[in-house]
Amino acid sequence: MNAVVDTARRQKEEYAAGEDRPLGSYLGTLAVYALTTGTLALLGRRLRDGAPAIGLADLALMTVTTHKASRLITKDPVTSPLRAPFTRYSGTAGPAELSEEVRGKGVRHAVGELITCPFCTSQWVATAYAAGLVFAPDATRLAGATMTAVAGSDWLQLAYARLQKSAEG
């Protein structure tokens, strides 16, 4: 057992090259994700006869919802209280978005990286959406349609602001 621990420590040191990289906490995050998705898959298999068919309309809703929900979780000022224990405010990052620095060590740092990265968070959001299609498809599609409308509204707001700026000179 000591040989395994020693090998893991040596690999971490070689990988991190002197930087503070919480590999053990990342591994814990991966384990939580695997356990959650495995549990959802087993429950879905027990409660349903088969996996739901995901057509192009569902895929489009899932894609836009995943994008919008990931940005909402990781960048929106309104959700900053959820990120505050893991981050430090460092300014704005665009229209209605914040820039935050990850703080802490170990699990705190790993969670901070996860919840400030829309690319990282999108995998969790997409998995939750897929589970929603298995367990509550109508409610999931309603939530997806809502987030898609919000994303569309965002694009219209940006286009309007650009047109307004252009008209002013």
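In which helix does Val 4 lie? Select residues 2–16 to find out: this run is helix H1, and Val 4 lies within it. The model on screen is predicted, and the stops below follow the chain from this helix onward.

**Stop 1: the surface patch at Met 1, Val 4 and Val 5**

Keep Val 4 selected and add Met 1 and Val 5. These three residues form a nonpolar patch on the surface. Together they have about 330 Å² of accessible area. Val 4 itself has a relative accessible area of 56%, so it is classed as exposed, the cut-off being over 50%.

**Stop 2: residues 23–43 and helix H2**

Now select residues 23–43. The UniProt annotation "transmembrane region", from an unreviewed entry, covers this stretch. In the model the stretch is 100% helix and 0% strand. The C-alpha atoms at its two ends are 30 Å apart.

Extend the selection to residues 23–47, which make up helix H2, and pick out Ser 25. Is Ser 25 buried or exposed? Its relative accessibility is 15%, so Ser 25 counts as buried, the limit being under 20%. Show what surrounds this serine: apart from neighbours within four places in sequence, Ser 25 is in contact with Gly 106, Val 107 and Ala 110. For Val 107 there is a specific distance to display, since the side chain of Ser 25 reaches the backbone nitrogen of Val 107 at 2.9 Å.

**Stop 3: the salt bridges**

A search of the whole structure finds six salt bridges. Side chains of opposite charge can pair when their charged atoms come close. Three of the pairs, described here, include Arg 21 with Glu 113, Asp 58 with Arg 141 and Arg 71 with Glu 97.

Start with Arg 21 and Glu 113, whose closest N and O atoms are 3.2 Å apart. Arg 21 sits in the loop between H1 and H2, while Glu 113 belongs to helix H5 (residues 106–116), so this pair ties together parts that are 92 residues apart in sequence. Arg 21 counts as partly exposed, at 24% relative accessibility. Glu 113 also counts as partly exposed, at 24%.

Next, select Asp 58 and Arg 141. Their closest N and O atoms are 2.7 Å apart. Asp 58 is in helix H3 (residues 56–75) and Arg 141 is in helix H7 (residues 137–168), so the salt bridge ties together parts that are 83 residues apart in sequence. Asp 58 counts as buried at 9% relative accessibility, whereas Arg 141 counts as partly exposed at 30%.

Then move to Arg 71 and Glu 97, where the closest N and O atoms are 2.6 Å apart. This pair links distant parts of the chain, with Arg 71 in helix H3 and Glu 97 in strand S2, 26 residues apart. Arg 71 counts as partly exposed, at 23% relative accessibility. Glu 97 has a value of 19% and counts as buried, because the limit is under 20%.

**Stop 4: the loop at Ala 96**

Finally, select strand S1 (87–94) and strand S2 (97–102), and look at the loop between them. Which residue is found in this loop? Ala 96 is found there, and the backbone of this alanine merits a look. What is the phi of Ala 96 near? Phi is near 60°, a positive value in a residue other than glycine. At 60% relative accessibility, Ala 96 counts as exposed.

Definitions and conventions
Residues numbered from 1 in each chain as written. Predicted model: local features only at pLDDT ≥ 70, side-chain atom pairs only at ≥ 80, totals over all residues. Heavy atoms only, no water. Helix = DSSP H or I, 4+ residues; strand = E, 2+ residues; numbered from the N terminus. Buried < 20%, exposed > 50% of the residue type's maximum accessible area, 1.4 Å probe, protein only. Polar contact = N/O pair within 3.5 Å; in protein donor to acceptor, adjacent residues only side chain to side chain. Contact = heavy atoms within 4.5 Å. Patch = residues over 30% accessible without salt bridge, like charges linked within 9 Å, V, L, I, M, F, W, Y side chains within 5 Å. Areas by Shrake-Rupley, 256 points an atom, 1.4 Å probe, with all protein chains shown as cover. Salt bridge = Lys/Arg side-chain N within 4 Å of Asp/Glu carboxyl O. UniProt positions renumbered as here; feature names shortened; annotations may be inferred.
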